[in-house]
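This report takes up a single chain and considers, in turn, the confidence of the model, the fold and one selected residue.

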Amino acid sequence: MKMLLILGITMATLVAVQAQVQLSENQQVKLFDAAQGFSQQSTLFEGLMQNKLTELAIELQREGRLSDESSAVAASERVNAILMDLGNLYGEFIKTKVQFVLKAKNALTDEQKMYFLSQLNPSDSLTYKKINFLQPELFDLPLNLSLEQEKKLIVLESDLMIEETKIECHVSLTLLDLRPVLMSGQMQPEIVDPLVLELANLAARSIDNRVSFFLKAKDVLTRDQKRLMAHMMGLD
């Protein structure tokens with residue numbers, strides 16, 4: 001998915017701004033405060049997300065979780081809850097990042113804002129792409145799927161891609177709305193800020209789409225296939 005230029009903000013971007021444009025002492029203080037607040041929130045969210053990933057790994061490795069039908073149902077519910085929490089945390093993390101961008105931007109003059117925004121690079125990828133549990137390719141493992149299971153997974157992956165295409169369409173339209181405002185050289189926060197927040201909401205929606213796909217796709221598998229998948233992923 002083409003990623004949102006506003007979400008590519010890093011601390012290095014602020015350093016680049018300070019190196020190229022003259023910042024007043026008051027601006028430096030405001031940017032430092034914004035960066036410090038974001039750093040603290042970022043560390044908090046990263047820790048919470050890592051805790052959820054650890055909780056997920058422990059659950060997937062728990063002995064006896066698929067030993068019988070009732071155990072498998074309970075295990076599935078625990079995994080679902082963990083993944084939903086994880087998706088929500090990613091969404092909140094993205095919104096926190098965007099709030100930082102808006103706060104940092106508003107500490108600059110119009111000319112400095114234009115330079116600041118021009119330096120933002122697209123994010124390399126959404127964070128979910130680092131989590132192999134959420135990738136459609138996971139279900140391409142040799143799991144001895146039946147024809148009916150393959151059909152169900154194809155439909156689910158198709159639904160995933162259709163929704164991602166819709167999200168990408170909304171992203172492109174939002175960026176088109178944002179472009180003339182940025183290129184005009186006149187900052188209009190009443191227009192820019194809601195559009196940037198909309199990009200954050202779309203990124204969160206993309207993560208929710210991945211989580212929803214995985215929850216449905218894993219339920220297509222039998223208990224033995226889930227065991228096999230865990231083994232192939234090195235989680236047994």
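In this predicted model, the chain has an average pLDDT of 75, and 78% of its residues reach a score of at least 70. Confidence varies along the chain: among its elements, helix α1 (residues 11–20) has the lowest mean pLDDT, at 56, whereas helix α5 (residues 147–183) has the highest, at 86. Two stretches with a pLDDT below 50 are set out here, together with the contacts that each of them has in the model beyond near neighbours in sequence.

| Stretch | pLDDT | Contacts beyond near neighbours in sequence |
|---|---|---|
| residues 1–8 | below 50 | 36 contacts |
| residues 120–125 | below 50 | 15 contacts |

As regards secondary structure, the chain contains 7 helices and 0 strands, so that reading along the sequence gives the pattern α-α-α-α-α-α-α. Of the contacts in the chain with a separation of 6 or more, 82% are between residues 24 or more positions apart. Of the 236 residues of the chain, 45% count as buried, while the accessible surface amounts to about 12,400 Å², with 54% of that area belonging to carbon and sulfur atoms.

One residue may serve as a local example. V181 lies in helix α5, the element with the highest mean pLDDT among those of the chain. V181 counts as buried because its relative accessibility is 8%, which is under the 20% cut-off. The C-alpha atom of V181 is separated by 7.9 Å from that of I191, a residue 10 positions away along the chain.

Notes
Residues are numbered from 1 along each chain as its sequence is written. This is a predicted model: local features need pLDDT of at least 70, side-chain atom pairs count only at pLDDT 80 or more; totals for chains, interfaces and linings use all residues. Side-chain values use heavy atoms; hydrogens and water are left out. pLDDT is the predictor's confidence in each residue, from 0 to 100. Helices (H or I, at least four residues) and strands (E, at least two) are DSSP runs, numbered from the N terminus. Contact means heavy atoms within 4.5 Å. Buried means under 20% relative accessible area, exposed over 50%, partly exposed in between (1.4 Å probe, protein chains only). Accessible areas come from the Shrake-Rupley method with a 1.4 Å probe; for residues, only the protein chains shown count as cover.
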